[in-house]
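Here is a walk through the model, going from whole chains down to single residues. Have the viewer open as you read.

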Amino acid sequence: MSGEVVLVDAGGTNIGSVRYALERLGVEAVMSDDPGRIRAASHVILPGVGAAGPGMARLRERGLDAVIRALTQPVLGVCLGMQLLFEHSQEGDTPCLGVVPGRVLGFPRDTGLRVPHMGWNTLDTVREDPLLAGLDAGDRHAYFVHGYAAPVGPYTLASSEYGAPFSAVVRQGNFCGMQFHPERSAAVGARLLGNFLALGSASAPSTGEVVA
Amino acid sequence: MLKRRLIPCLDVRDGKVVKGVRFRDHVVMGDIVDLALRYRDAGADELVFYDITASPEGRRVERAWVERVARGIDIPFCVAGGIRSVEDARDVLHAGADKVSVNSPALERPGLIAELAEAFGVQCVVVGVDSMRDADGEWRVRQYTGNPDKTRALTRRTLDWVGEAQRLGAGEIVLNCMGTDGVRAGYDIEQLSRVRAICEVPLVASGGAGTPDHFVEVFREAHVDAALAASVFHGGDIAIPDLKKHLGRAGVPVRYTWNTD
């Protein structure tokens with residue numbers, strides 16, 4: 001392990017914002033699409049804004065889909081990056097990485113819900129995990145902007161609600177996902193990014209037990 | 001629960017924040033990043049930076065200040081003014097902005113909205129609409145409002161334009177009600193309610209905030225997702241933490257950044 005935090009460019013425009021958020025935490029992350037460098041990283045972050053189809057196509061054309069699937073160090077998908085961790089996205093009927101079981105669905109358009117879901121929403125803890133450490137204070141808001149979401153499942157650590165509950169934070173072993181933008185979620189986001197960086201490669205996979 | 005947002009709007013000219021009355025007579029309010037940080041600390045939910053002279057002067061937004069803001073703050077922000085192409089938008093988004101807002105250039109060439117939505121996703125694409133009621137009672141769109149000498153009245157009805165912008169891929173609409181802007185007599189509830197009825201994406205009210213009750217009114221009666229204001233925040237007349245407490249007491253869901261236990 002090189003100890004580097006590597007940002008993988010999946011075509012999202014938020015990659016700069018994520019890098020600045022890490023800078024504010026005192027971490028100089030590098031952007032790379034080099035498989036060797038990604039494999040050697042201590043932590044890998046997959047930011048993303050945009051559509052699932054182009055995002056997956058971009059990973060596949062560089063062979064990074066296979067590289068990411070095989071990673072054993074902590075991996076964090078942000079927003080679209082989280083959705084790409086699942087098996088499939090309804091957006092453009094796109095097969096995704098499949099490291100988290102489940103399918104990403106669009107918010108229903110016929111219920112009067114305004115889509116995209118845009119703004120600050122609350123995080124409700126579903127399952128305790130080191131990724132959520134320190135989140136019991138009064139402010140539990142995170143900033144969301146998305147039109148697709150994963151339902152709540154066994155991989156869900158925190159949910160949020162828009163029409164119905166959906167997954168806000170997920171974890172399947174070393175693969176973590178945040179549907180909101182931690183880089184734009186003020187102190188709560190900084191805390192959660194810090195928690196991710198504190199995860200070690202040897203950390204036990206999340207099993208569903210309450211560890212608090 | 002999704003909260004209603006408060007958005008201080010910082011009009012930018014020559015790298016400084018300015019504010020005018022009815023879009024005229026601008027005075028300098030201060031440095032962009034200083035003000036951005038002040039609002040972040042006060043609990044602003046989002047910031048909008050309008051480069052008000054870029055579009056009338058045919059310039060693009062300067063990337064340097066966008067990058068300075070992006071490094072400094074950890075809440076979302078939108079940049080408006082002078083974005084005429086996918087390349088302009090890419091520049092601003094890659095500098096760290098979360099959204100771009102298009103106004104005059106989208107009126108010149110509505111296809112720009114679709115191109116931006118295709119390139120970056122609808123969540124990045126905000127369409128700003130400057131609207132004024134004409135003598136016949138109809139609301140119509142204005143163009144190039146950053147410069148009073150270049151402002152143009154169009155024949156396009158505001159409601160038609162909001163509908164078209166959504167069809168093309170707008171992810172959010174900011175309705176600037178020019179008749180109430182800067183005079184602090186309250187938001188244009190009637191116009192906002194009419195636009196709300198046809199707007200299926202988030203709607204941001206702009207123009208007219210003077211008292212905390214104006215914010216209560218616009219959220220409760222016009223059901224907007226966010227309220228944008230400038231002078232009442234810049235001048236210190238309304239402090240955002242006090243405003244949020246006022247809204248909370250009135251039953252409007254807002255994000256508290258302090259411990260409420």
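What share of the 212 residues of chain A counts as buried? The figure is 58%. Keep in mind that this is a predicted model, so everything below is computed from predicted coordinates.

**The two chains**

Let's start with the overall build. Chain A carries 6 helices and 14 strands, while chain B has 10 helices and 12 strands. For chain B, the radius of gyration is 17 Å and the globule rule gives 18 Å for 261 residues, so this chain is as compact as a globular protein of that length. Chain A tells a similar story: a compact globule of 212 residues would have a radius of gyration near 17 Å, and the 16 Å found for chain A agrees with that.

Here are some chain-level values next to each other.

| Property | Chain A | Chain B |
|---|---|---|
| Span of the C-alpha trace along the principal axes | about 45 × 40 × 30 Å | about 50 × 45 × 35 Å |
| Residues counted as buried | 58% of 212 residues | 61% of 261 residues |
| Accessible surface | about 7,600 Å² | about 9,700 Å² |
| Carbon and sulfur part of that surface | 52% | 48% |

Contacts can also be sorted by sequence separation. Among contacts in chain A between residues at least 6 apart, 70% join residues at least 24 apart. In chain B, residues 24 or more positions apart account for 65% of the contacts with a separation of 6 or more.

As for charge, chain A has 16 positive and 20 negative side chains, with the centres of the two sets 3 Å apart. Chain B has 35 positive and 39 negative charges, and their mean positions are 1 Å apart.

**The nonpolar cores**

Which residues touch the most other members of the largest nonpolar core? That core has 83 residues, and the ones to look for are Leu47(B), Phe49(B), Phe77(B), Ile173(B), Tyr187(B), Phe215(B) and Val218(B). Apart from it lies another core, of 37 residues, which includes Val5(A), Leu7(A), Val78(A) and Leu199(A).

Two of those chain B residues are worth a click. Leaving out residues up to four places away in sequence, Ile173(B) touches Val127(B), Val129(B), Val162(B), Ala165(B), Cys199(B), Val201(B), Pro202(B), Leu203(B) and Val204(B).

Val218(B) sits in helix α8 (residues 212-222) of chain B. Is Val218(B) buried or exposed? With a relative accessible area of 0%, Val218(B) is buried. On the same basis of leaving out residues up to four places away, Val218(B) touches Tyr187(B), Ile189(B), Leu192(B), Ala205(B), His223(B), Val224(B) and Ala227(B). Glu190(B) is 28 residues from Val218(B) in sequence, and their C-alpha atoms are 9.8 Å apart in space.

**Helix α1 of chain A**

Now over to chain A. Why is helix α1 (residues 15-24) of chain A described as largely enclosed by the rest of the structure? Because 7 of its 10 residues are buried, that is, under 20% relative accessible area. Those buried residues are Ile15(A), Gly16(A), Ser17(A), Val18(A), Tyr20(A), Ala21(A) and Leu22(A).

What do they pack against? Within chain A, the partners are β1 (5-7), β2 (30-31), β3 (43-46) and α6 (186-198), and chain B adds α2 (63-72). After α1(A) comes Gly26(A), with a positive phi near 85 degrees.

Methods: Residues are numbered from 1 along each chain as its sequence is written. Chains are lettered from A and ligands numbered from 1 in the order in which they are written. This is a predicted model: local features need pLDDT of at least 70, side-chain atom pairs count only at pLDDT 80 or more; totals for chains, interfaces and linings use all residues. Side-chain values use heavy atoms; hydrogens and water are left out. A nonpolar core is a set of buried Ala, Val, Leu, Ile, Met, Phe, Trp, Tyr and Cys residues joined through side-chain atoms within 4.5 Å. Buried means under 20% relative accessible area, exposed over 50%, partly exposed in between (1.4 Å probe, protein chains only). Contact means heavy atoms within 4.5 Å. Helices (H or I, at least four residues) and strands (E, at least two) are DSSP runs, numbered from the N terminus. The radius of gyration is taken over C-alpha atoms; the globule rule is 2.2 Å times the number of residues to the power 0.38. Accessible areas come from the Shrake-Rupley method with a 1.4 Å probe; for residues, only the protein chains shown count as cover. Lys and Arg count as positive and Asp and Glu as negative; His and the chain ends are not counted. The place of a charge is taken as NZ of Lys, CZ of Arg, CG of Asp or CD of Glu.
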